[in-house]
Amino acid sequence: MSKNVRITNELKNPSEAGTHYRFLCMTGPDKGRVYYLIGKRIIIGRGENADILIVDAKISREHAELSFSDGGYTITDLGAQNGIIVNDTKVKQKKLADAEKIVIGQTVFKYNIIEVTNSEMVVSSGEGNQIVVAKDNGKSPKSKVSVKTNNNSFDKPVQKNAAGKKGPPKIIIIGALLVGAYLFLFNDSELPKSKTAKNSTGSNDFDNFSPITPKKVSPEDAESTRKMETLIHSGRREFSEGNYFRAIEDFRLALLLNPNNGHASFYLSKAKQSLDDDIKKNMEKGKQEHESKKLQAAIVSYCGVLQLIQNYPDDERYKNAQLQISAIESELGMEKGEVKCFETKSAESKN
């Protein structure tokens, strides 16, 4: 996974204070995927080296670049055939503004600049002291309470009253005021329930977007996890054998069980990309053979395309391969539809 972006399926604002740059996929197989931009240079495309890997036949392997400068990102066309459209206008390069729509290939993205800030509430406690309650308006994972005082130290001698007895120390008074103010400002439902909710890793990851997984796993969850792992294993086997459609189906079923599973999402993209590459190779080979008058070989190549996407007859590549086969049939003096790319078993073979 690229270090230049952080990927999540949770459409939720970050909890960390600061400026965040979000690239949201609005259409296609990756619809709902959220990319938080971190690196100075980010590549968008369908190639393996792309930081934002998109499954789209109309997208080049390295289609566009996002570069950070002057407090924002600029998008640049890397010479892709289908170019880039920002807000219905085709561009070569543009500094992106908040909420702009970007079309790359057939996939639509939305760019957002998200500001997360903390605010403070100051409550006077008397005697020159202040209780500062730092609140996050629901952004931060936890509210913070601190005490400010005009005294430099609590190590000064304790004052005595007229009877010569020690009065209550200032630290006890301030502590009581602090507790009272805290209970007044926050009800029980807002108090932290457990220390385990605190993020102790010290990292800036967006992992806390997802709900915290309970320690105890129910039998149903365990069974769902087992099925998901079985599907991923099966999909990887089909993928290694070149059965991309079966692999895609396995990975999709795995994602239905766990939409946030990174392995299933990664291998689904790989399987789709490999399928697109095989279709492209067969089409190019068929074209070369057709031009060289190797008509029988061209039929085999075009039939290979039909077999790869036989479940998607409305696909433009499927229709194009059919047209090429019809043209070859005409050149060979054959009847239209005489070429059969899908063999059916005869009655004898069935018996």
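Two strands pair if DSSP finds at least two bridges between them; strands (E, at least two residues) and helices (H or I, at least four) are DSSP runs numbered from the N terminus. The model is predicted: local features need pLDDT of at least 70, side-chain atom pairs count only at pLDDT 80 or more, and totals for chains, interfaces and linings use all residues. Residues are numbered from 1 along each chain as its sequence is written, and side-chain values use heavy atoms, with hydrogens and water left out.

**Exercise 1. The seven-stranded sheet**

Task: state the strand order of the open sheet of seven strands, its edge strands and its twist.

Solution.
Step 1. The order is β1-β3-β2-β12-β11-β8-β9, and the pairing is antiparallel.
Step 2. β1 (5–8) and β9 (89–91) are the edge strands, each pairing on one side only.
Step 3. From one strand to the next, the twist averages 30 degrees.
Step 4. At the β9 end, strand β8 (residues 84–86) pairs with β9 over three bridges in the antiparallel sense. Ile84 has Val91 of β9 as its bridge partner.

**Exercise 2. The five-stranded sheet**

Task: give the order of the open sheet of five strands and identify its edges.

Solution.
Step 1. The strands follow the order β5-β4-β6-β7-β10, with mixed pairing.
Step 2. The edges are β5 (52–53) and β10 (93–95); each has a single partner strand, so one side of each has no neighbour in the sheet.
Step 3. Inside this order, strand β4 (residues 41–45) and strand β6 (residues 64–69) run antiparallel and are joined by four bridges. Ile43 stands opposite Glu65 of β6.

**Exercise 3. An aromatic pair**

Task: classify the ring pair Phe23 and Phe109 and place its residues in the chain.

Solution.
Step 1. Rings of Phe, Tyr and Trp (its six-membered ring) pair if their centres lie within 6.5 Å; planes under 30 degrees apart count as stacked, over 60 as edge-to-face and the rest as tilted.
Step 2. A search of the whole structure gives seven aromatic pairs. For Phe23 and Phe109, the values are 4.9 Å centre to centre and 20 degrees between the planes, and the pair is stacked.
Step 3. Phe23 belongs to strand β2 (residues 18–25) and Phe109 to strand β12 (residues 107–116); the two are 86 residues apart, and the pair links distant parts of the chain.

**Exercise 4. Packing of α2, α3 and α4**

Task: find the relative direction of each helix pair and the residue classes in its contact.

Solution.
Step 1. Axes are lines fitted to C-alpha atoms, for helices over the stretch in contact, and angles run from 0 to 180 degrees between N-to-C directions. Angles under 35 degrees count as roughly parallel, over 145 as roughly antiparallel, 65 to 115 as roughly perpendicular and the rest as oblique. Contact means heavy atoms within 4.5 Å. Ala, Val, Leu, Ile, Met, Phe, Trp, Tyr, Cys and Pro count as nonpolar, Asp, Glu, Lys and Arg as charged, and the others, Gly among them, as polar.
Step 2. Helix α2 (residues 219–240) packs on helix α4 (residues 262–291) at about 20 degrees, with axes 11 Å apart; α2 and α4 are therefore roughly parallel. Ile232, Arg236 and Phe239 of α2 take part, with α4 residues including His263 and Tyr267. The contact holds five nonpolar, two polar and two charged residues.
Step 3. Helix α3 (residues 244–257) and α4 pack at about 155 degrees, with axes 9 Å apart, which makes α3 roughly antiparallel to α4. Phe251 and Leu255 of α3 are among the contact residues, as are Leu268 and Leu275 of α4. The classes are twelve nonpolar, two polar and three charged.
Step 4. For α2 and α3 the angle is about 160 degrees and the axes are 8 Å apart, so these helices are roughly antiparallel. Among the residues that meet are Met228 and Leu231 in α2 and Asp250 and Leu253 in α3. This contact has ten nonpolar, three polar and five charged residues.
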